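Me: Got a minute to go through this model with me? I'd like to talk about the sheet, the core and a few single residues.

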Amino acid sequence: MITPTLAQEVSRLEADLCFALSDPTRILILYALSERSQNVNEITAALNITQPTTSRHLKILRDRGLVTANRQGTTITYQLVDIRLIQALDLLRSVLRDSLIRRASLVEELD
């Protein structure tokens with residue numbers, strides 16, 4: 001049953017998490033941060049993207065509460081707020097893989 005609470009939670013989920021996860025670069029940043037805390041330059045090098053692009057994506061992730069920023073002198077280090085996010089992404093990737101396998105099987109059956 002769809003309750004008002006469920007509807008409200010889904011609305012917040014879409015506004016916060018789904019927007020943050022709607023860009024593959026942001027998802028890759030989350031995976032990078034799941035390994036260890038990193039600064040902008042480290043993330044930029046790991047993903048082979050520009051520093052302004054990295055900063056823009058980190059701002060979105062920070063604004064949505066998915067990463068935190070910690071200043072250490074002149075360096076700002078980012079870290080993942082909740083490892084369960086990576087677990088959820090892994091689960092979604094597994095669902096996607098299974099879906100692709102099913103589709104491939106259907107295509108093979110048609111051939």
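**Hairpin, sheet and core**

Reply: Sure, and keep in mind that this is a predicted model. Let's begin with the hairpin: strand 2 and strand 3 make it, with 2 residues between them. In the turn, G73 has a positive phi of about 70 degrees.

Me: How many bridges join strand 2 to strand 3?

Reply: There are 6 bridges, and the two strands run antiparallel. To pick out one position, T68 stands opposite Q79 in strand 3.

Me: What's the strand order in the sheet?

Reply: The order is 1-3-2, in an open sheet of 3 strands with antiparallel pairing. Strand 1 (38-39) and strand 2 (67-72) are at the edges and have a single partner strand each, so one side of each is left without a neighbour in the sheet.

Me: And how many bridges join strand 1 to strand 3?

Reply: 2 bridges, again with the strands antiparallel. Here Q38 stands opposite Y78 in strand 3.

Me: What about T77, buried or exposed?

Reply: T77, which sits in strand 3, has a relative accessible area of 12%, so it counts as buried; the cut-off is under 20%. Leaving aside neighbours within four places in sequence, T77 is in contact with S37, Q38, N39, T68, A69, N70 and Q72.

Me: How far is T77 from I60?

Reply: Their C-alpha atoms are separated by 15 Å, and the two residues are 17 residues apart along the chain.

Me: OK, switching to helices. Which strands does helix 2 lie across?

Reply: Helix 2 lies across strand 1, strand 2 and strand 3. Relative to strand 3, helix 2 runs at about 95 degrees.

Me: Which residues have the most contacts inside the largest nonpolar core?

Reply: Those are I29, L30, L33, L58 and L61, in a core of 18 residues. At least two core residues come from each of helix 2 (24-35), helix 3 (40-47), helix 4 (51-63), strand 3 (75-80) and helix 5 (84-110). Helix 2 gives the largest share, 5 residues.

Me: Is there some general background for a core like that, and what is it?

Reply: In soluble globular proteins, nonpolar side chains tend to be buried together.

Me: Back to L30, then. What is L30 in contact with?

Reply: Not counting neighbours within four places in sequence, L30 is in contact with L21, L61, L66, V67, L80, L85, I86 and L89.

Me: How many aromatic pairs does the structure hold?

Reply: The count is 0. There is a charge over a ring, though: R26 lies over the face of F19, at 5.2 Å from the ring centre.

Me: What's going on with phi at N48?

Reply: N48 has a positive phi of about 55 degrees although it is not a glycine. N48 is in the loop between helix 3 and helix 4. With a relative accessible area of 71%, N48 is exposed, since the cut-off for that is over 50%.

Me: Last one. Where is T3?

Reply: T3 is in the segment before helix 1 (4-20). At 31% relative accessibility, T3 counts as partly exposed. As for T3 and T50, they are 47 residues apart in sequence and 44 Å apart in space, C-alpha to C-alpha.

Methods:
Residues are numbered from 1 along each chain as its sequence is written. This is a predicted model: local features need pLDDT of at least 70, side-chain atom pairs count only at pLDDT 80 or more; totals for chains, interfaces and linings use all residues. Side-chain values use heavy atoms; hydrogens and water are left out. A nonpolar core is a set of buried Ala, Val, Leu, Ile, Met, Phe, Trp, Tyr and Cys residues joined through side-chain atoms within 4.5 Å. Buried means under 20% relative accessible area, exposed over 50%, partly exposed in between (1.4 Å probe, protein chains only). Helices (H or I, at least four residues) and strands (E, at least two) are DSSP runs, numbered from the N terminus. Contact means heavy atoms within 4.5 Å. Two strands pair if DSSP finds at least two bridges between them. Axes are lines fitted to C-alpha atoms, for helices over the stretch in contact, and angles run from 0 to 180 degrees between N-to-C directions. Rings of Phe, Tyr and Trp (its six-membered ring) pair if their centres lie within 6.5 Å; planes under 30 degrees apart count as stacked, over 60 as edge-to-face and the rest as tilted. A charge sits over a ring if NZ of Lys or CZ of Arg is within 6 Å of the ring centre and within 35 degrees of the ring normal.
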